[in-house]
Amino acid sequence: MTRLSVPDLDADTDVLTAALAYAASGWYVGPVAAASKHPGSVLGNAWHTLTSRDPEVLVSWFAGTDHGVFLHCGRSGALVLDVDTPEKLHPLITAALPAADPPWQSTRPEQPERRHYVFAMPPGRMLGNSLGALASGWGEVRGRNGVIVVAPSVHADGGLYAWGRTGTVPDLPEALAQALPDGLASADVATDAEVSTFLDGHTGNERPELLDVHVRGWLKQVEAGESRHATMCGHLAGAMKEAAAGLLDAHTAADTLESVFAAAAVQPPTSTKQGKARTPGEARHEWRGLLSWAVAQGIAADPAQTRARAAQRVPDVRDLVPDPLQEIAATAGVSERTIRSDVAQSSNDDSPATVTSANGVERPATYQRTEPDVIDAEIVEDGPGSSWAEVDLSEVIAGVVAGTITRPAPTVGKRADGAALFYRGRVNGVAGASNAGKSWTGFLTCAQEITAGEHVVYIDLEDDPHGAVTRLLDLQVPPEVVTARFHYVRPAEAFGLLSAHRLAGLLDRVAPSVVIIDSTGESLALEGAKPNDDDDVARWFRRVPTAIARRSGAAVVVLDHVTKAEDGGLWPIGSQRKRAAITGAQYMQVNVKPFDRTTTGYSKLVCAKDRHGVYHQSQTVALLHVAPGDDVVHLELRVPAETGASGVGTWKPTAIMEHISTVLEAADEPLSFRGIDEQVKGKAEHKRAALRALAEAGHIVVTEGPRNAKLHTFVTRYTQRDDPGSDLYEGRDTLTAPSASESTVECVRVLQRDTGHTHSDRVRDTVGTQSGHGQDEPPSTCAYAGCDNPPRPDRQMCQRHYTFEPAGASR
């Protein structure tokens, strides 16, 4: 967690800029009416649940207004000593201030010692607003739910807010902490740390049916036109109190109520009691405020009273309305784990007492979920928490030993040689900058699968049905195959539980071999989640791609973006949780030669992560070649040049190779490494690698020189544009014979490896030219000096040396 601090602000900083700076420094902030100190003057009585650090929310509050800004002390984890009468300061405070040297803000220029001294709450404690043992008439403590108005706000009493010292906020000195009591009034809100600790620490689940009561009761009230916010306050606070008493699992209760609230909040109001439809981001911000307030109520509640109240009220409340979602589960024949709606459904008094899930297990018609919003295939037969029980590995061990269970291998997204990129039943990823060809990689994978008889699902958040269909038709997939096996989903709302149910039904019906999600960023935005927020990203991966992979067994491929500045990296933009979420393979797709509807080009797919070790990091695994034609597009995942036994392309310092080749060609004599090093820029290790690659490809010859030096002699020119392993490769057709008008090219200073002599001979790589062979007698060996390989058909050079002919040679 970022250490709380006070930012440096210029004298002319506007309030919006200041608010954003405070939020970036860890503060929860809120707007206050001009020349006011009341935190509810803009946000209303529920202000303590609405303070925010979200830049979008802050812009909506402050842009174009004359509002001031206040800091929500307790929720931010801060305690402020508001000194009004400095001559009456308690001796403990007077002694502690010089050593702690905290940030402070003056409030009146004519009384410079009237200040706000800012400290961080003592670790593990939340202090209230009581002066405790420090009472001596000097001022007030701003702790839990306390606020201070800050610069550059207009002072209500004609004073002036100005920071005299900024920077990191220190912990409250121990002497002061011992003198102040903890405090938690019922109207307060919990800090982020307290919320996290509370949710993680309350895992008891003695009465899981209580959560069903809250969900059904809230849905019924919202359907009747009651306020979505106000009614959720009561149900969420009740659920957190029950979690504190061990009756509910706190995480499950919070996640479940969040899902139904978020889905309903983005809908238009059905009565005057309901506010306007929120955006997903607004709904998520509102939820965080609700949860902070509700957790505070749970912390303050008496567990014994909560238990007694639950035992008294639940028998009456649980019959208020049948569970409509249970009926959906029973009707559809799907797992209860897949069903918990994110929208209010109409009730039916004839809900069954029991339901039977897809695998024939009969259950009571009560809420059984342990993880909301997940379309996981597994059913927790032993109730919540059973997934944490020990797993019996005997069958897996026996299968591995017998050979019936093999090591995971990629089988989807095939290269031209049959090797593949993506793992079934796993989450895979492809990231790249715009126009790198990520979507083409996804559509090529889909085309391969559906033409092979498999079904695919394409979840598209960036294009539309017309774009998807035309791409597949351009790839020459028959229309009837697209209709039968390509299943297109175009989400326009957050992925809630009813959405999960519908997608689960599709997955169960078609059993796809691959599911493409295009793209991660757009899907996160639809959820109101932030790509840099670890919790948001982890939750999305768990709820969507991971759940899809588990349920369907498909290769899930998430397409993601990188900024141009990050194009050379191996990971997409945003949270580091994206790395951990990949259970198959992650690739970075980099455009090498730009392509469009009229221009041929290609991009390369570089391995960023392969959890199962088939490919290793930084290896070029495939080249996506794109060749437009008349109303068609020819796509192929080609094998990279210079592949080893694994079929994986290896990296070469091609720019340095070309520079060295140029230097050696111009040299009057063989050069040592020192002679090359002095003329070629770059790391020594890269130059040595370049020399090895040039020698292995026959561009240079290495011989022993004086004092054990290695001498490097030019043989034939190397250029990046002729090397398929280079980013500058032009991909010229090496199979097409040259025209009769093409001129011969001199192969300069070729070193005869057997004799050590050089010659200057003209070699034309077409039958019938003057190259030392008769026009009607094709050669039996390659015309390249020292090479005994047979030439290609109707050529005089072999495949290896033909592609390394000097630039401009006849191809």
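Author: In this predicted model, helices are DSSP runs of H or I with at least four residues, strands are DSSP runs of E with at least two, and both are numbered from the N terminus. By that count the chain has 26 helices and 27 strands. Gln 476 sits in the loop between helix 16 (465-474) and helix 17 (479-485).

Reader: Why is Gln 476 called partly exposed?

Author: The relative accessible area of Gln 476 is 48%. Buried needs a value under 20% and exposed a value over 50%, so Gln 476 falls in between and is partly exposed. Its phi is near 65°, a positive value in a residue other than glycine.

Reader: And Asn 435, how do you know whether that counts as buried or exposed?

Author: Asn 435 has a relative accessibility of 70%, and exposed means over 50%, so Asn 435 counts as exposed. You will find Asn 435 in the loop between strand 15 (427-432) and helix 15 (438-451). Asn 435 also has a positive phi, near 70°, in a residue other than glycine.

Reader: What makes Arg 75 count as buried?

Author: The value for Arg 75 is 4%, and the cut-off for buried is under 20%, so Arg 75 counts as buried. Arg 75 is part of helix 4 (residues 73-76). Leaving out residues up to four places away in sequence, Arg 75 touches several others, including Tyr 28, His 48, Asp 192, Arg 288 and Ser 292. Arg 75 and Ser 52 stand 23 residues apart in sequence, with their C-alpha atoms 9.9 Å apart in space.

Reader: Why is Cys 233 called buried?

Author: At 18%, the relative accessible area of Cys 233 is under the 20% limit, so Cys 233 is buried. Cys 233 belongs to helix 9 (residues 228-244), and beyond its neighbours within four places in sequence it contacts Leu 290 and Trp 293. In the chain as a whole, buried residues make up 51% of the 811 residues.

Reader: Why are helix 7 and helix 11 called oblique to each other?

Author: Helix 7 (residues 192-201) and helix 11 (residues 280-300) pack at about 60°. Roughly parallel would need an angle under 35 degrees, roughly antiparallel one over 145, and roughly perpendicular one from 65 to 115. None of these fits about 60°, so the two helices are oblique. Their axes are 10 Å apart, and the crossing of helix 7 and helix 11 is left-handed.

Reader: Which residues of helix 7 and helix 11 meet?

Author: Helix 7 brings Glu 194, Val 195, Phe 198 and Leu 199, while helix 11 brings Leu 291, Ser 292, Val 295, Gly 298 and Ile 299. By class, this contact has 6 nonpolar, 2 polar and 1 charged. A detail that is easy to miss is that Gly counts as polar.

Reader: What makes helix 10 and helix 11 oblique?

Author: They cross at roughly 140°. That angle is outside 65 to 115 and is not over 145, so helix 10 and helix 11 are oblique to each other. Here the crossing is right-handed. Where they meet, helix 10 offers residues including Leu 257, Glu 258 and Phe 261, and helix 11 offers residues including Arg 284, Glu 286 and Trp 287. The classes in this contact are 9 nonpolar, no polar and 3 charged.

Reader: How many aromatic pairs does the structure hold?

Author: There are 10 aromatic pairs in the structure. One of them is formed by Trp 218 and Phe 261.

Reader: Why is the pair of Trp 218 and Phe 261 called tilted?

Author: A ring pair is described by the distance of the centres and the angle of the planes. For Trp 218 and Phe 261, the centres are 6.3 Å apart, and the limit for a pair is within 6.5 Å. The planes are 55° apart. Stacked needs under 30 degrees and edge-to-face over 60, so this pair is tilted. Trp 218 lies in helix 8 (residues 209-223) and Phe 261 in helix 10 (residues 250-265), so the pair links parts of the chain 43 residues apart.

Reader: How do you know whether Trp 218 and Phe 261 are buried or exposed?

Author: Trp 218 has a relative accessibility of 0% and counts as buried, and Phe 261, also with 0%, is buried. Both values are under the 20% cut-off.

Methods. Residues are numbered from 1 along each chain as its sequence is written. This is a predicted model: local features need pLDDT of at least 70, side-chain atom pairs count only at pLDDT 80 or more; totals for chains, interfaces and linings use all residues. Side-chain values use heavy atoms; hydrogens and water are left out. Axes are lines fitted to C-alpha atoms, for helices over the stretch in contact, and angles run from 0 to 180 degrees between N-to-C directions. A crossing is left-handed if the near helix is turned anticlockwise from the far one by less than a right angle, and right-handed if clockwise. Contact means heavy atoms within 4.5 Å. Rings of Phe, Tyr and Trp (its six-membered ring) pair if their centres lie within 6.5 Å; planes under 30 degrees apart count as stacked, over 60 as edge-to-face and the rest as tilted. Buried means under 20% relative accessible area, exposed over 50%, partly exposed in between (1.4 Å probe, protein chains only).
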